[in-house]
Amino acid sequence: EKGGYEHFMLKEIHEQPKAITDTFRGRMLAEENIIKMSSIEDNLDKFLNADRVIIVACGTSWHAGLVAEYLIEDMARIPVEVEYASEFRYRNPIITEKDVVIAISQSGETADTLAAVKLAKSKGAFVYGVCNVVGSSIARETHSGAYTHAGPEIGVASTKAFTTQITVFTLLALKLGKANKSLSDVAFENYIKKMQLIPKQIEKLLEIDEHVKSIAAVYKDATNCLYLGRGFNFPVALEGALKLKEISYIHAEGYPAAEMKHGPIALIDENMPIFVIATNKGHYEKVVSNIQEIKSRAGKIIAVVTEGDIQVKEIADHVIEIPDTEEALTPLLTTIPFQLLSYHIAVLLDRNVDQPRNLAKSVTVE
Ligand code: F6R
């Protein structure tokens with residue numbers, strides 16, 4: 001069942017090129033430069049006339065929601081808010097008929113997300129679902145939606161569900177951006193070209209496994225870790241920290257890199273590993289100066305950089321290279337090394353990787 005892999009999580013990490021390709025299938029028609037999504041086409045006026053999009057989700061799916069916020073605002077210029085479903089449903093939120101509410105859920109059964117969907121419906125909003133499990137409660141309860149085609153995800157720690165959620169939102173944002181002309185034809189076509197390369201780029205990136213394993217061996221006994229990223233990669237930092245916490249039980253926090261000086265910098269000493277996403281387009285110089293601040297406090301830096309990087313390589317203790325792509329698409333790549341890192345640390349610590357303590361795959365109680 002595990003296809004020769006020791007754990008479902010590792011198998012699912014390696015399935016990502018195929019899962020993303022499956023999520024593209026029938027939707028991204030690269031040769032014709034078209035994105036076909038009937039759930040968007042049939043409801044185009046609702047999306048384009050929306051006052052705002054409100055995304056509700058929990059956990060890893062909430063992190064995908066944050067990436068979606070950056071994608072939709074950047075590409076389609078529609079205001080987006082991202083909410084924890086558990087907060088949204090209980091805080092007497094303002095929801096109108098001009099809002100589009102999008103629920104994200106791998107399982108489609110998360111109690112808080114389902115309750116948020118029902119609340120939004122009762123207020124007259126158009127409710128759209130991004131689920132992985134076909135026919136799940138959230139998929140049935142929403143007005144329309146798009147499935148991720150990740151296939152069954154068995155490891156409790158979400159991996160391929162996350163990257164396929166981001167894939168769906170990239171397609172959605174591109175389609176809306178093209179429809180309302182926020183994106184030029186040239187920009188749209190360039191994104192399609194670069195998106196098409198992603199599955200192969202992930203395949204190549206997965207070859208760094210041994211390198212990541214050697215980094216895992218160095219930091220497996222850390223008691224605290226920090227993950228930093230900016231822009232599109234801020235949510236990836238949050239997700240990196242969550243992955244480490246849930247399967248290795250090492251305390252980790254994700255932060256937008258520039259927030260470091262507003263508190264977490266006080267934690268930094270020679271025992272603190274700091275994982276920094278420093279790809280070449282996303283506020284690179286600013287991240288480099290964040291790295292220098294860490295270095296001058298003796299923190300250990302493990303940086304995820306773009307292939308061919310020179311500047312960060314000189315100051316970081318370890319670097320992990322990702323292939324070059326557009327900034328907006330980098331989360332699909334930068335996520336991968338963090339998944340592998342958490343996996344290897346958990347294995348080295350002899351944790352129950354696929355079924356971490358206290359966690360359930362589907363949280364059907366609040
Ligand atoms: C993290 C993880 C959880 C889920 C969360 C939402 O690896 O698996 O944080 O992401 O419980 O689950 P879904 O997406 O099924 O609603």
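Select Thr60 and the ligand. A backbone N or O atom of Thr60 lies 3.1 Å from an oxygen atom of the ligand. Keep in mind that this is a predicted model.

Add Val156. Its contact is also through the backbone: an N or O atom there lies 3.1 Å from a ligand oxygen. Now show the side chain of Thr110. One of its polar atoms lies 2.5 Å from an oxygen atom of the ligand. Switch on the surface next. The protein covers 89% of the 400 Å² of accessible area that the ligand has on its own.

Select the shell around the ligand. It holds 13 residues. Ser61, Ser105, Ser107, Thr110 and Glu246 are the closest. Colour the shell by class: 8 residues are polar, 3 nonpolar and 2 charged.

Zoom out to the pocket. The ligand sits in the largest one. Which elements give two or more residues to the shell around the ligand? Select α5 (59-76) and α12 (234-248); they are the ones. The largest share comes from α5, with 3 residues.

Now hide the ligand and view the pocket itself. The volume of the largest pocket is about 520 Å³. Its lining counts 26 residues. Pick Cys58, Gly59, Thr60, Lys361 and Val363, which lie nearest the pocket centre. Thr60 is thus a good place to re-centre the view: it is in that list and has the backbone contact from the opening stop.

Colour the lining by class. Expect 11 nonpolar, 10 polar and 5 charged residues. Finish with the secondary structure. α5, β5 (99-105), α7 (111-122) and α12 each supply at least two lining residues.

Note on methods
Residues are numbered from 1 along each chain as its sequence is written. This is a predicted model: local features need pLDDT of at least 70, side-chain atom pairs count only at pLDDT 80 or more; totals for chains, interfaces and linings use all residues. Side-chain values use heavy atoms; hydrogens and water are left out. A residue is near a molecule or strand if one of its heavy atoms lies within 4 Å of it. A polar contact is a pair of N or O atoms within 3.5 Å; within protein, one must be able to donate a hydrogen and the other to accept it, and residues adjacent in sequence count only if both atoms are side-chain atoms. Accessible areas come from the Shrake-Rupley method with a 1.4 Å probe; for residues, only the protein chains shown count as cover. On a 1 Å grid over the protein atoms alone, a cavity is a set of points where a 1.4 Å probe fits but cannot get out, and a pocket is an open set with protein on both sides within 12 Å along at least five of seven lines; lining residues have an atom within 4 Å of a point. A molecule sits in a cavity or pocket if more than half of its atoms lie within 2 Å of its grid points. Helices (H or I, at least four residues) and strands (E, at least two) are DSSP runs, numbered from the N terminus. Ala, Val, Leu, Ile, Met, Phe, Trp, Tyr, Cys and Pro count as nonpolar, Asp, Glu, Lys and Arg as charged, and the others, Gly among them, as polar. Grid points are joined across faces, edges and corners, and a volume is the space filled by probe spheres set on the points.
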